[in-house]
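Biologist: I should like to learn how to read the features of a model of two chains. May we take them in turn, from confidence to interface?

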Amino acid sequence: MGGWTEEVRLPDTGAVVRLTPEHKLIIGLIEEGARVMDLGCGEGDLLLALKVLKKVRAEGIELSDACVQACVAKGLFSVHHGDLDEGLADHPDKSIDYVISTNTIQVLHRPMILIREMARVGKRCIVSFPNFAHWLVRLQLFLKGRMPKTEKLPYEWYETLNIHLTTIVDFRDFCRKAGLKILREIPLWTSARRKCTEVRLLPNLRADTAIFILAEAKPLAD
Amino acid sequence: MQEAGSVGIVETKYLTFAEPPNEMVLECGRPLGPLTLAYETYGELNPAKDNAILIVHALSGDAHAAGYHHPGDKQPGWWDIMIGPGKAFDTRKYFVICCNVIGGCQGSTGPSSINPQTGRPYGLSFPIVTIRDWVNTQKVLVDHLGIEQLLCVAGGSSGGMQVLQWVVSYPDRVRLAIPIATTSKLSAQAIAFNEVGRQAIQSDPNWREGDYYGKMVPRRGLAIARMIGHITYLSERSMHQKFGRKLQDKTAYGYNFLADFQVESYLRYKGDHFVKRFDANSYLYITKAMDYFDLTQAYGSLEEAFAGVQAKFLVISFSSDWLFPTYQSKEIVSALRRVDAYVIFTEIQTDYGHDAFLLESEQLSSLITNFLSHGWNQKA
């Protein structure tokens, strides 16, 4: 978890939400009226933005009761207080257009189970995570011999919830093993001026964050 | 947070219907009539009649949910912390209705009412009533008040069961549903506790097969039933925090069977207090109605029961509730999600056990306030 957010005032209602650069990019990927589920939806900022801007049917799952309460205060009507490690058993196959998980997969105990569940339930999955192979991370470990701490990974090793950090290259392998097809990769780099741009050259070295758009591949690989 | 106030002095009203020969046929197949419902209302019904909220009470509750009955009345209604101007069920915006269930003893027709055919109290000749019967009578009241669609039905414990029955029986009559600390069917453990309570009443020599009106009432049996109930409403932890092993008005053990410990004295007080306001036969009827409630059995499956629901749901459980544990709320939520209903589910972290829904809670108030106000703004 970590990273910075920007306040965005939504049209019509005038509600203010806090969005990360990934959130903004993801909003652009989703078509009007889609059915969307956000796993680890936090205080519901992305869901509310999608509901207002894209008229989606928004659904969220969140572990923290305080966050669920914040979602209710935002006027979201499908929010489930629960543990993602328990899966998505209540949802039929391909019942959701987009299953989204931003900056969450690395805190799960069993990311493989969840990602398969996401692909079962969702026609498309959008997953974002901090890239542990970013040069700043590599340098801290290589030169200083210390556990990396960055804007995206701000926690001390003994406090972090990030137990399953990964890199862009490793995530590709992971998707293959999970039986998922990668439809699109969006490696992102955020400048010191907080400008977020897509990285075309050497993404695994230069991107601090990656967004993957995935779908279930048939047949399932072992 | 707005300043919260009281609804002030309120009055219980009565609606009588189902006069013979037009008795209401109950789920058990027997007719019952005439039927009287005791009810109270708070706030104003708006001209569109779309701001009405029905509050449904639990086992020992009644129509008196908020405010006071007379100046100097010390005890406000049972959910006064939630109902009033500026409170979760804000009576400046909403019209709140609460009525006593039939089979009860607080103004609605029950076993202690006079059977007009015999001129004597019904006693055990009163038919078995069910949660569905309760909801059917509540619908008569809602119709009588001219309300086409309720903005919300809300309640905890067996009140929550009534909320679920409402959305199943009358899906187009409810816009928002708030079932709290409840279940779609009681567990064997909960039925067992109810049965022990009933046995305590029925084994009291004063009970006399329910025919005790005008004579000595089975106060021992009813008090014990209430004591058992109270244990199930608290958590081990909250009891420990509240009483520990503290002694009552003494510094050393008495070496006798008087109440040594505070917890003993508390339960005795709760039992004795309850007897003053509750009828033992009503306790039998109401607990039986709870035991019989089973949406799965009645409709084939929970999904089938909820198949036609239109309401949006706010389902709340409490982490330390072992009488209606969280997994039972999750079963409801799971079925609702499977039928594609809008549902918010949250488990509130608390040590107060099942009774938590009756206690002051910032979290509970805020959830209900926000859910209602967004639901209200989003008119269909």
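Modeller: What follows treats confidence, then each chain, then the contact between the chains.

Biologist: How should the confidence scores be read, and what average pLDDT does chain B have?

Modeller: The model is a predicted one. As a general rule, where pLDDT is low, the predicted coordinates should not be read in detail. Chain B averages a pLDDT of 96, and 99% of its residues score at least 70. For the complex, the predictor gives an ipTM of 0.91 and a pTM of 0.94.

Biologist: How is the radius of gyration to be interpreted, and what does it say of chain B?

Modeller: The value is set against the one expected for a compact globule with that number of residues. For the 380 residues of chain B, a compact globule would have a radius of gyration near 21 Å, and chain B agrees because its own value is 21 Å. Its C-alpha atoms fill a box of roughly 65 × 50 × 50 Å along the principal axes.

Biologist: Which secondary structure elements make up chain B, and what share of its residues is buried?

Modeller: Chain B has eleven helices and 14 strands. Buried residues account for 50% of its 380 residues. Sequence separation adds to this picture: of the contacts in chain B between residues at least 6 apart in sequence, 71% join residues at least 24 apart.

Biologist: How many helices and strands does chain A have, and what is its radius of gyration?

Modeller: Chain A comprises seven helices and ten strands. Its radius of gyration is 17 Å, close to the 17 Å that the globule rule gives for 222 residues, so chain A is as compact as a globular protein of that length. The C-alpha trace of chain A spans about 50 × 45 × 35 Å along its principal axes. In chain A, 43% of the 222 residues are buried, and 64% of the contacts with a separation of 6 or more are between residues 24 or more positions apart.

Biologist: How many residues of each chain are in contact across the interface, and which elements of chain B contribute?

Modeller: An interface can be read by residues, by elements and by class. Here, 19 residues of chain B are in contact with twelve residues of chain A. On the chain B side, α10 (326-338), β14 (343-348) and α11 (362-377) each supply at least two residues. By class, that side has eight nonpolar, seven polar and four charged residues.

Biologist: Which strand of chain A is joined to β14(B), and do the two run parallel or antiparallel?

Modeller: Strand β5 (residues 79-81) of chain A is joined to β14(B) by two bridges, and the strands run parallel. Within β14(B), I344(B) is the bridge partner of V79(A).

Methods
Residues are numbered from 1 along each chain as its sequence is written. Chains are lettered from A and ligands numbered from 1 in the order in which they are written. This is a predicted model: local features need pLDDT of at least 70, side-chain atom pairs count only at pLDDT 80 or more; totals for chains, interfaces and linings use all residues. Helices (H or I, at least four residues) and strands (E, at least two) are DSSP runs, numbered from the N terminus. The radius of gyration is taken over C-alpha atoms; the globule rule is 2.2 Å times the number of residues to the power 0.38. A residue is buried if 20 or more other C-beta atoms lie within 10 Å of its own, exposed if 12 or fewer, and partly exposed in between; C-beta atoms are placed from the backbone. Two residues are in contact if their C-beta atoms, placed from the backbone, lie within 7 Å. Ala, Val, Leu, Ile, Met, Phe, Trp, Tyr, Cys and Pro count as nonpolar, Asp, Glu, Lys and Arg as charged, and the others, Gly among them, as polar. Two strands pair if DSSP finds at least two bridges between them. pLDDT is the predictor's confidence in each residue, from 0 to 100.
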